[in-house]
Amino acid sequence: MCRSIKTLRPPVTPDATEEDYRAAALQYVRKVSGFRAPAAHNREAFDRAVDAVAEATGRLLGELEVRGASARPARATA
């Protein structure tokens, strides 16, 4: 498990930002790829993966309904 990825859903983190999504995505991609930083020939694939995971994270958190709290409006993703 990626220990440095924090919970981003409300109410744990009510004000998570796109930057938070991207940081979590970067940690995830680093973990599953086994690379802290990719070689030049893998950079494009690595960056696309980070973008896709960050987008999916934003979509997920925008669609989750937390019991006892009103649903958070969906945020636009990059």
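Select Arg43 and Asp47 in helix α2, which spans residues 43–63. The two residues are four positions apart, so about one helical turn separates them. In this predicted model, Arg43 forms a salt bridge with Asp47, and the closest N and O atoms lie 3.2 Å apart. Colour the pair by accessibility next. Arg43 has a relative accessibility of 36% and therefore counts as partly exposed. Asp47 is also partly exposed, at 27%.

**Further along helix α2**

Keep helix α2 on display and add Glu44 and Arg48, which lie four residues apart in this helix, about one turn. Arg48 forms a salt bridge with Glu44, with 2.9 Å between the closest N and O atoms. Is Glu44 buried or exposed? With a relative accessibility of 58%, Glu44 counts as exposed, because the cut-off for that class is over 50%.

Now select Glu55 and Arg59. This pair is again in helix α2, with four residues, or about one helical turn, between the two positions. Glu55 forms a salt bridge with Arg59, and the closest N and O atoms are 3.4 Å apart. Glu55 is partly exposed, with a relative accessibility of 34%. Arg59 is partly exposed as well, with a relative accessible area of 43%. The count of salt bridges comes to four, including the Arg43–Asp47, Arg48–Glu44 and Glu55–Arg59 pairs.

**The two helices together**

Show helix α1, residues 18–33, beside helix α2. How do the axes of α1 and α2 cross? The axes come within 8 Å and cross at roughly 130 degrees. The helices are therefore oblique to each other, since an angle over 115 degrees that does not exceed 145 falls in the oblique class. The crossing of α1 past α2 is right-handed.

To display the contact between the helices, select the following residues:

- On the α1 side: Tyr21, Arg22, Ala25, Leu26, Tyr28, Val29, Arg30 and Ser33.
- On the α2 side: Phe46, Ala49, Val50, Asp51, Val53, Ala54, Thr57, Gly58 and Leu61.

**Ala25, in helix α1**

Centre the view on Ala25, whose place is in helix α1. Which residues is Ala25 in contact with, leaving aside its neighbours within four places in sequence? Ala25 is in contact with Val50, Val53 and Ala54, and these three residues are among those of α2 that meet α1. Next, draw a distance between the C-alpha atoms of Ala25 and Ala49. The two atoms are separated by 8.2 Å, although the residues are 24 positions apart along the chain. Ala25 has a relative accessibility of 1% and counts as buried, because that class requires under 20%.

**The whole chain**

Finally, zoom out to the full protein chain, which has two helices and zero strands. Of its 78 residues, 24% count as buried, Ala25 being one of the buried residues. The chain exposes about 5700 Å², and carbon and sulfur atoms supply 54% of that area. What share of the contacts with a separation of 6 or more comes from residues 24 or more positions apart? Such residues account for 56% of those contacts in the protein chain.

How values were computed. Residues are numbered from 1 along each chain as its sequence is written. This is a predicted model: local features need pLDDT of at least 70, side-chain atom pairs count only at pLDDT 80 or more; totals for chains, interfaces and linings use all residues. Side-chain values use heavy atoms; hydrogens and water are left out. Buried means under 20% relative accessible area, exposed over 50%, partly exposed in between (1.4 Å probe, protein chains only). Contact means heavy atoms within 4.5 Å. Accessible areas come from the Shrake-Rupley method with a 1.4 Å probe; for residues, only the protein chains shown count as cover. A salt bridge is a side-chain nitrogen of Lys or Arg within 4 Å of a carboxyl oxygen of Asp or Glu. Axes are lines fitted to C-alpha atoms, for helices over the stretch in contact, and angles run from 0 to 180 degrees between N-to-C directions. Angles under 35 degrees count as roughly parallel, over 145 as roughly antiparallel, 65 to 115 as roughly perpendicular and the rest as oblique. A crossing is left-handed if the near helix is turned anticlockwise from the far one by less than a right angle, and right-handed if clockwise.
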